[in-house]
Every structure is written in structure tokens, then in C-alpha cells.
Amino acid sequence: MNEQNMSEIWDAMLKFEAWRALFLLLGMAVLVFTAGLFKRLADRASDYFPSRRLLFLQIVTTLNFCVYIFGGSLLIYVALSPAKEILLALGGGAAVAIGLSLKDLVASLVAGLTLLFDRPFLVGDRVQFADTYGEIKSIGLRSVKLVTLDDNLVTIPNARFISDVVSSGNAGSLDMMVVMPFHIALDADLETARRLLYETVVTSRFVYLAKPVKIVVAEVVLGHNLALKLMAKAYVLDVKYEKDFQTDVVSRVSKVFISHHVKRPLLLNYEPATSVSAESDDNG
């Protein structure tokens, strides 16, 4: 950058009125406040209309993208457009340096827009990403925030979701399939166990009965012995009750298996090796 460019930059900075900097700061505060207001309104609406909770979260995510992208662009244009000398002088020399330093951020911004429109998952979805499983709380300009079932907030850069595999358990729906495995002895009363398991699942207060409940049976190896594995496949009415549903079913099934003398395996050294399977979706 030669002395003439430096002189132009200095002259332009002297002409830059202080009100522009103040306007820029106030404008940024307004954008942050507006985004927070949308989030609070979505939370309030979710309390009144719980069945639309995921829809409200998805709407507020889109609105926040618009606020930050369009509002931020307009704010910068209004605040800096009179000082064209600064933009012209700095544009050529700083473009490469800024591009290199912000390439990861730009990649995340582009990836965030891709996530917003391609929709591999939505806010409120239960997703598995690498070794992390939890609920998507927000999709931001730079990163996705995910809350694990242990209530840990995990921040993942948007760009990682473009190249890595991610699975969504509910894909935008409130309900989601939950798989709950149980083991019984090879000589146990299989039909009684299936009936008890099915009845326990369909009478849970967390089950979503608009979708089928299935009991899948398989032979597996526990330790060095064969055993029967029963997998209850049922939908929870809201993903936020996933673990409540599992806890309710497991605790009640354990009680009814004991009361009906359903034999359980003695060895719990689990080494899965399924050889025979059958599926049941009847009422017991």
C-alpha cells in the first residue's frame, strides 16, 4: 500500500463523523435485542401451544438469520456508505488478508445457509452427530448448538455438518421412535413376555399410539449362553419425553416380569450375535 493510499485513508478517517460509530453500535444492539425478543416470543408461544413448539423454534431460527444478515448489511451500508474512500482504499489491500483470516467463518456462514434451506435437521430435532447425541437448540450463522441428555451445551461449527454424517431421530416431528431392549432366558415363556411388554408400552402416558407399536424378538449370545432379546419399538409423543418414556417402560416391565415369573438371563456379559429374529405388532 503506497503513501497516496495511506494519505487517502487518513483523510477519510478524519472525515468520518463520530455519530456513525455510535449509530453502528446502537444498531448492533438493536439487532441483538430483536433476535432475543423473537426467541422469548417463541418460548411464550410454545407454552400456550405445546404441539407447535418445534414450528415456533424453526420460525424464530429463520427470523434470526434474516435479522442478522439483512439487518446487519443494511446497518453497515447506512453507517459506512458516505465514507467511500475508506472502502476503496482498503478494499484491494485488505481483501486477501481478510479472506484468509475469515475463510473458516465464511465457510460456516455458507454452511449455515445450506443447513437452513437443505434442512437435514431442524431446531428441536434429536440428532446423533459423531459421538454426540442430543437436541438441536439453535442453528446460528457460525455454529449449531446442541444440548445433550446430560444437559451439556455442545457447539459444533456449521461446516462440519456438510461433510460429516448426522442422523435425525424425528426429522421435524414431535414424535420419535424409541427402541427399548429387554432380555429373557431362552426357556422363558416368550408369548407371555411379549404380551406383557406390549401392554406395558401401550399403556404408558408418554406413548404416541397414532403410530404402530412393535415387539421384535431375536436370539442373542449373553456371555456364552443363548438368550432372547425383546425390543420394544414405539413412538414417544414428544421428543422431550424420550428418557421419561424409556424409564417408565423399563421400570414397569421389570415389575411385571417379576410378578409373572418371566425368567431373565443370569449372565449379563453382553456380546450381540443375532441369528434368528421375528417381529410382532399385534395386541399381545
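The following paragraphs lead through selected features of this predicted model, from its pockets to a few individual residues.

The largest pocket offers a starting point. Its volume is about 440 Å³, and 19 residues form its lining. Those that lie nearest the centre of this pocket are Y68, S138, I139, G140 and L141. Several elements of secondary structure each supply at least two residues of the lining: the helices α2 (18-48), α3 (53-80) and α5 (103-118), together with the strands β2 and β3 (143-148). Helix α3 provides the largest share, with six residues. In chemical character, the lining of the largest pocket comprises ten nonpolar, five polar and four charged residues.

The second largest pocket holds about 340 Å³ of space. Twelve residues line the second largest pocket, and M28, L31, Y68, G72 and I76 are the closest to its centre. Two elements, α2 and α3, give two or more residues to this lining. Here too the largest share comes from α3, which contributes seven residues. The lining of the second largest pocket consists of ten nonpolar and two polar residues, with no charged residues. Y68 thus appears among the residues nearest the centre of the largest pocket and among those closest to the centre of the second largest pocket.

Strand β2, one of the contributors to the lining of the largest pocket, spans residues 132-139 and contains E135. Is E135 buried or exposed? The relative accessibility of E135 is 9%, so this residue counts as buried, the limit for that class being under 20%. The side chain of E135 is joined to that of R126 by a polar contact of 3.5 Å. Leaving aside residues up to four places away in sequence, E135 touches R53, G124, D125, R126, K145, L146 and V147. R126, the polar partner of E135, is therefore also in this list of contacts.

Aromatic side chains provide a further set of contacts. Four aromatic pairs are found in a search of the whole structure. One of them brings together F206 and Y241, whose ring centres are 5.5 Å apart; because the ring planes meet at 40°, the pair is classed as tilted. This pair links distant parts of the chain, 35 residues apart: F206 lies in the loop between α7 (190-202) and β7 (214-222), and Y241 in the loop between β8 (225-236) and α8 (242-259). F206 is buried, with a relative accessible area of 9%, whereas Y241, at 29%, is partly exposed. Elsewhere, ring pairs link F121, F129 and F161 into a cluster.

Finally, the backbone deserves attention at two positions. Most residues other than glycine have a negative phi. A130, although not a glycine, has a positive phi of about 55°. A130 is located in the loop between β1 (126-129) and β2. With a relative accessibility of 54%, A130 counts as exposed, the class for values over 50%. H261 is likewise not a glycine, and has a positive phi of about 60°. The loop between α8 and β9 (270-271) holds H261, and this residue is exposed, with a relative accessible area of 68%.

Technical notes:
Residues numbered from 1 in each chain as written. Predicted model: local features only at pLDDT ≥ 70, side-chain atom pairs only at ≥ 80, totals over all residues. Heavy atoms only, no water. Helix = DSSP H or I, 4+ residues; strand = E, 2+ residues; numbered from the N terminus. Buried < 20%, exposed > 50% of the residue type's maximum accessible area, 1.4 Å probe, protein only. Polar contact = N/O pair within 3.5 Å; in protein donor to acceptor, adjacent residues only side chain to side chain. Contact = heavy atoms within 4.5 Å. Phe/Tyr/Trp six-rings, centres within 6.5 Å; stacked < 30°, edge-to-face > 60°. 1 Å grid on protein atoms, 1.4 Å probe; cavity = no way out; pocket = protein on both sides within 12 Å on 5 of 7 lines; lining within 4 Å. Points joined across faces, edges and corners; volume = space filled by probe spheres on them. Nonpolar A, V, L, I, M, F, W, Y, C, P; charged D, E, K, R; others polar.
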